[in-house]
Amino acid sequence: MDHSFVIELTSAAITQFGPPDDAAWRFARCWLAAARFEHGETDMRDVELAFSDLLALPDGFPGREKLAAVVVTSAFRKQALRDTARLRTAAKLRLIADSDPAPPPAWVPVSASVRCLELQVAAMNGEPGFDLDEAYAEVRRLAAVVGEEEPQSTIVDMAKMALRHLIDERDGNLYQAPQPMPAHQDPRYTAGVELAETLRALQTAVLRSDIPTVKTLWDKLRRLAGEAPATSPMHEMIKSMKPAMDLIDGGLISAKPGEAPVVDTQLVEEITKNPALADQPGLSPAERAIRLHTLSGAKLAIGTPKAIDEAIEGMTEAVEIAGPHDPRRPVYLNALGSALIDRYVRNRQMPDLRRGLDVLEEAKAALGSHTNFYWSLVCTTLSHAYRLSGRRDLSREVALSGLRGHVWGALLQSEPEHTHAAIRSAAADALEAARMCLSDNAPEQAVSALESGRGLILYSALEQRNLDERLTAAGHPELAAHWRQATLSNPAEQPEDLRRKVLSTLAESPATKLLEPPATHEIRAALGALGMDVLVYLMPGDEKPGAAVIVPADDEVGWLTLPDLRTTRLQQFRRDLADAARATTREIEPPGAPIPSITDMCDWAWQAAIGPLLNHLRSREGAPLRMVLVPMGPLVRVPWHAARTQAGGHATYALERAVFSYAPSARLLCETAWRRRVPLTDKGFLLGDPDTAGAACALPAARAEAEVIMAAFYPEAVHAGRRVDGTPAPGGPGSRDDLVKWISDSDGGSVGHLACHAVVNATMGAQDTSYIVLAGGQRYTAEELVRTLGDAPGRDIALMVLAACSTFESGRGDDEAFTIGSAFLAANVRTAVTAQWSVPDAPSAALMFMFHHYLRAEGLPPVDALRAAQLWALSDRVPPATMPESLRGLLDRVGDLVTWAAFVHSGQ
């Protein structure tokens with residue numbers, strides 16, 4: 001049939017007869033245009049012609065309802081409803097078709113699919129009066145109508161995914177990872193599904209400040225657009241997003257958390273030259289608000305008074321047109337409030353401060369509670385504004401509330417890697433909040449702030465299970481299923497209520513307890529139980545002075561300014577530590593490579609912190625001060641117990657005047673303090689230099705270390721690895737299975753001593769970091785260690801000695817405090833002795849023998865036994881009668897700083 005010829009004749013009749021006599025001819029042309037579109041050249045003008053003719057038919061015209069079903073079905077099948085304007089017209093026709101008391105059977109699933117598209121577009125455009133929860137519930141009902149029929153099923157699933165994301169955005173639940181589409185996709189819609197998933201993942205990555213992922217997904221979107229036909233709406237979408245993505249590519253948003261943005265001023269000026277980007281015809285209010293927000297942010301980055309004024313005008317308009325139902329409104333309000341506060345700081349005009357406070361308070365009220373994704377961001381800005389207005393108490397209160405937002409977000413992560421992304425800025429926020437508290441002379445609140453950051457860091461490192469596993473392990477598989485269903489598709493219960501149920505359940509797990517900052521009276525009680533006098537947080541300074549926050553066991557919390565405690569002094573020392581670690585890793589030489597700057601570092605440590613602290617604190621009469629240190633940030637790499645002062649050519653070291661223990665956090669210290677004491681016995685596990693099959697260099701002294709310590713102090717222990725002569729030890733080669741078997745054995749003894757290699761890999765993610773090198777080159781990571789001990793409840797290990805390189809070093813950045821040693825402590829081991837850097841093989845073996853000598857032969861507690869061994873290394877080093885000849889020849893370098901200063905105590 002020649003549709004074109006017949007359509008031309010029909011069009012002539014319409015022109016000739018005119019309304020109302022042209023109705024029958026319009027009916028005919030509508031049907032013919034729809035048929036030509038579906039079975040001919042797929043020209044979009046045919047769809048628009050059919051739509052126009054159908055809308056011109058009078059109400060009650062015979063067959064009008066069924067024709068509407070035919071026309072909309074044709075447009076749907078050929079994917080003609082991707083255009084927003086065309087979809088809105090189709091929505092009118094759908095209502096006409098739905099009024100048919102006996103519609104064609106094929107129409108019902110098509111009508112449901114078109115309705116889902118309408119709801120999705122209305123939600124994304126933030127149309128006035130639109131209710132996301134009602135829309136989402138309707139889409140779920142329509143899914144039952146559609147069933148498994150394709151492509152309708154895929155269309156419904158895409159709408160559910162988009163609406164779920166918008167609900168998460170509104171409710172501040174964007175920490176959750178984008179959910180994948182179900183597998184039953186129609187091949188014709190594969191590109192659309194991939195686009196929807198990529199868009200949601202991109203938005204989530206932007207909100208997490210995961211800039212490398214943003215750039216990767218943006219490249220993927222552009223690739224998808226390049227593969228799409230020229231008529232695809234993807235090209236307009238890419239064009240609309242390009243200004244924001246250009247800002248990211250240009251460095252307006254920094255690529256590393258905590259890094260100051262580097263603004264490409266030329267790029268920003270080029271972008272802002274075209275204000276019409278926000279005034280293009282056809283933009284919905286929501287789309288225009290997004291563009292105004294983006295362009296205003298670019299202008300703000302330029303920094304001139306005129307640009308700032310224009311930015312605030314644009315941000316004000318974005319807030320106004322977004323409307324109360326736009327889920328991005330709190331973001332717009334926060335940006336506007338922040339810009340007003342910044343202008344106040346520049347010009348000191350009180351109206352800006354008052355208006356900025358009003359806007360930020362509105363943003364906070366809109367979020368509702370600290371369960372919202374944006375809570376920490378808004379609280380940080382509002383806290384700064386309160387401080388400028390002189391309301392310091394309120395400023396501190398809001399800052400601490402912001403830290404609680406980080407805690408909530410960390411708990412509700414579905415996967416461990418998402419937890420790391422969620423808390424990436426927590427440590428910096430906590431440190432800044434603590435500084436604020438100290439400036440107001442509120443050290444107890446500073447403790448709370450510091451502990452919030454430390455708890456988040458430890459929790460993210462130690463909790464390796466996904467959310468389903470955590471809830472199921474807590475005895476709530478039904479709640480796990482409910483959460484999983486709600487995350488994917490179920491809005492029947494308000495998300496806030498469901499989250500509170502999940503949180504209350506997770507709060508009972510041991511790992512979750514790390515997130516709760518202890519009250520200072522708890523810290524005092526823990527110090528008393530451990531026989532320690534004081535806990536001291538060391539806070540680094542750069543632009544601002546450093547400080548020590550001091551929690552005595554029997555006095556009020558105090559603090560001390562430490563102006564010389566600046567991380568810039570650590571740069572050379574950290575380079576030397578890295579060189580020493582690389583030397584070991586590359587097998588250039590055995591462990592214990594020189595650290596040239598170590599003496600300078602120990603001199604600086606006394607001057608910057610330990611000297612002022614010891615002068616400030618008073619020890620008990622006739623006894624050394626007993627101090628627990630919690631170093632923050634890069635300060636964790638400093639051997640504070642080896643800080644020294646020199647007079648008359650003689651050096652006095654800090655450990656001569658004090659007993660030192662180290663803790664990742666006060667919360668973990670409290671947890672450790674209340675654990676049942678476990679007595680030392682003759683049983684245990686001693687590992688000596690397993691054969692790594694070339695993965696690491698040999699440690700002959702470590703073999704002697706394990707063998708003689710076992711013989712002298714733990715005669716019933718398992719001896720694994722290699723003997724002094726290189727033959728296999730009786731307890732096994734020192735494999736993963738050997739170590740796991742001992743850890744899991746409730747009758748295996750209470751002491752472990754690992755004299756072997758350890759490696760630290762720096763990472764920002766959830767992947768494995770620190771690991772011990774075992775027989776055959778096998779790796780046993782800190783993360784696996786946590787899982788193994790978690791699977792062995794009730795296993796009581798009194799002491800783990802990790803006489804391996806860098807077992808006190810974190811693999812997740814200096815401030816993350818997650819080491820092999822802290823993993824043992826968090827997993828119920830009472831005490832850990834670890835090394836801060838790569839230690840020399842031979843003298844370390846002799847030092848470790850002396851540690852066990854003071855522990856077993858003289859009955860000292862572990863912290864005192866380690867100190868006694870280190871003081872022995874600094875004295876004349878007369879060996880006890882029990883030291884065998886194989887170790888007596890290894891004493892030459894025991895007194896070197898690189899040997900004795902490396903080892904630290906943590907725990908009981």
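Helices α13 and α14 are roughly antiparallel to each other in this predicted model. Helix α13 covers residues 285–302 and helix α14 covers residues 305–322. The two pack at an angle of about 160 degrees, and angles over 145 degrees count as roughly antiparallel, which is why the pair gets that description. Their axes lie 8 Å apart, and α13 passes α14 in a left-handed crossing.

The side of α13 that takes part in this contact includes Pro285, Arg288, Ala289, Leu292, His293 and Ser296. On α14, the residues met include Ala307, Ile308, Glu310, Ala311, Gly314 and Met315. Sorted by type, the residues of the contact of α13 with α14 are 12 nonpolar, four polar and four charged. The spacing of the numbers can be read with a general rule in mind. An α-helix has 3.6 residues a turn, so residues three or four places apart point the same way.

A second helix to look at is α34, residues 841–857. How far does α34 reach from its first C-alpha to its last? The distance is 24 Å for 17 residues, close to the 24 Å expected at 1.5 Å a residue. Is α34 mostly covered or mostly uncovered? It is mostly covered, since 14 of its 17 residues are buried. After α34 comes Gly859, which has a positive phi near 70 degrees.

The remaining points concern backbone geometry in loops. Most residues other than glycine have a negative phi, and most peptide bonds are trans. Three places in this model depart from those habits, as the following sentences show.

The peptide bond between Pro19 and Pro20 is cis, with omega about 0 degrees. Pro20 sits in the loop between α1 (3–17) and α2 (23–39).

Asn441 is not a glycine, yet its phi is positive, near 55 degrees. It belongs to the loop between α20 (426–439) and α21 (443–462). Is Asn441 buried or exposed? Its relative accessibility is 55%, so Asn441 counts as exposed, the cut-off for that class being over 50%.

Arg877 is another residue that has a positive phi without being a glycine, at about 55 degrees. The loop that holds Arg877 runs between α35 (862–874) and α36 (885–888). With a relative accessible area of 25%, Arg877 is partly exposed, because this value falls between the 20% and 50% limits.

Methods: Residues numbered from 1 in each chain as written. Predicted model: local features only at pLDDT ≥ 70, side-chain atom pairs only at ≥ 80, totals over all residues. Heavy atoms only, no water. Axes fitted to C-alpha atoms, helices over the stretch in contact; angles between N-to-C directions. Helix = DSSP H or I, 4+ residues; strand = E, 2+ residues; numbered from the N terminus. Parallel < 35°, antiparallel > 145°, perpendicular 65-115°, else oblique. Left-handed = near helix turned anticlockwise from the far one by under 90°. Contact = heavy atoms within 4.5 Å. Nonpolar A, V, L, I, M, F, W, Y, C, P; charged D, E, K, R; others polar. Expected span 1.5 Å × (residues − 1). Buried < 20%, exposed > 50% of the residue type's maximum accessible area, 1.4 Å probe, protein only.
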